[in-house]
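This report describes selected local features of one protein structure for the bench reader. Please consult the sequence and the three-dimensional view alongside the text.

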Amino acid sequence: MKIYLSSTQSDLADHRRAVAHVLRQTGHQVVHMEEYAAEEQWPIERCVADAAAADVYVGLFAWRHGFVPPA
């Protein structure tokens, strides 16, 4: 199963690694920003496209928020 893993990076880096590790151990394909290479596409566009293409979205939420696009 393809799983998109999302959270803020600076405060949840350890949690992201732990969740990604467990998901991979159970045979899932994990997609998250740490694996992105430099490209011409804006990161927000890539994130939205990858999340839409995944079977499951896993969000880790705490006290911070990431990029908030203009309304």
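The sections below treat the strands, two loop residues, the salt bridges and a surface patch in turn.

## Basis of the report

The structure is a predicted model. Residue numbers start from 1 along each chain as its sequence is written.

## Strand 1 and its pairing

Strand 1 comprises residues 2-6, and 4 of its 5 residues are buried, so the strand is largely enclosed by the rest of the structure. Strand 1 runs parallel to strand 2, and 3 bridges join the two. Within this pairing, Tyr4 has Val31 of strand 2 as its bridge partner.

Tyr4 belongs to strand 1. Its relative accessible area is 4%, and because buried means under 20%, Tyr4 is classed as buried. Apart from neighbours within four places in sequence, Tyr4 is in contact with a set of residues that includes its bridge partner Val31 as well as Met33, Tyr36, Cys47, Asp50 and Ala51. Also among the contacts of Tyr4 are Ala54, Val56, Tyr57 and Val58. By comparison with these contacts, a separation of 21 Å lies between the C-alpha atoms of Tyr4 and Glu40, two residues that are 36 residues apart along the chain.

## The loop between strand 2 and helix 2

His32 is located in the loop that connects strand 2 (29-31) with helix 2 (43-53). This residue is buried, its relative accessible area being 8%. The side chain of His32 makes a polar contact, at 3.3 Å, with the side chain of Arg24. When neighbours within four places in sequence are left aside, the contacts of His32 are Leu5, Arg16, Ala20 and Arg24.

Glu35 occupies the loop between strand 2 and helix 2 as well. With a relative accessible area of 44%, Glu35 is partly exposed. Beyond residues up to four places away in sequence, Glu35 touches Arg24 and Val30. Arg24 is therefore a contact of both loop residues, since it appears among the contacts of His32 and is touched by Glu35. The C-alpha atoms of Glu35 and Gln9 are separated by 13 Å, and the two residues are 26 residues apart along the chain.

## Salt bridges within the helices

How many salt bridges does the structure hold? There are 2. One of them links Asp14 and Arg17, whose closest N and O atoms are 2.3 Å apart. Both residues lie in helix 1 (residues 13-25), where a spacing of 3 residues corresponds to about one turn of the helix. Asp14 and Arg17 are both exposed.

Another salt bridge joins the side chains of Arg46 and Asp50, with an N to O distance of 3.0 Å. These two residues lie in helix 2, 4 residues apart, or about one turn of the helix. Is Asp50 buried or exposed? Asp50 is buried, with a relative accessible area of 16%. Arg46, at 22% relative accessibility, counts as partly exposed. Asp50 is also one of the residues in contact with Tyr4.

## A nonpolar surface patch

Which residues make the nonpolar surface patch? Trp42, Ile44, Val48 and Phe67 form it, and the patch covers about 490 Å². Phe67 is situated in the segment after strand 3 (56-59). Its relative accessible area is 58%, and Phe67 is accordingly classed as exposed.

Conventions: This is a predicted model: local features need pLDDT of at least 70, side-chain atom pairs count only at pLDDT 80 or more; totals for chains, interfaces and linings use all residues. Side-chain values use heavy atoms; hydrogens and water are left out. Buried means under 20% relative accessible area, exposed over 50%, partly exposed in between (1.4 Å probe, protein chains only). A polar contact is a pair of N or O atoms within 3.5 Å; within protein, one must be able to donate a hydrogen and the other to accept it, and residues adjacent in sequence count only if both atoms are side-chain atoms. Contact means heavy atoms within 4.5 Å. A salt bridge is a side-chain nitrogen of Lys or Arg within 4 Å of a carboxyl oxygen of Asp or Glu. Patches are made of residues with over 30% relative accessible area and no salt bridge: like charges are joined within 9 Å, nonpolar side chains (Val, Leu, Ile, Met, Phe, Trp, Tyr) within 5 Å. Accessible areas come from the Shrake-Rupley method with a 1.4 Å probe; for residues, only the protein chains shown count as cover. Two strands pair if DSSP finds at least two bridges between them.
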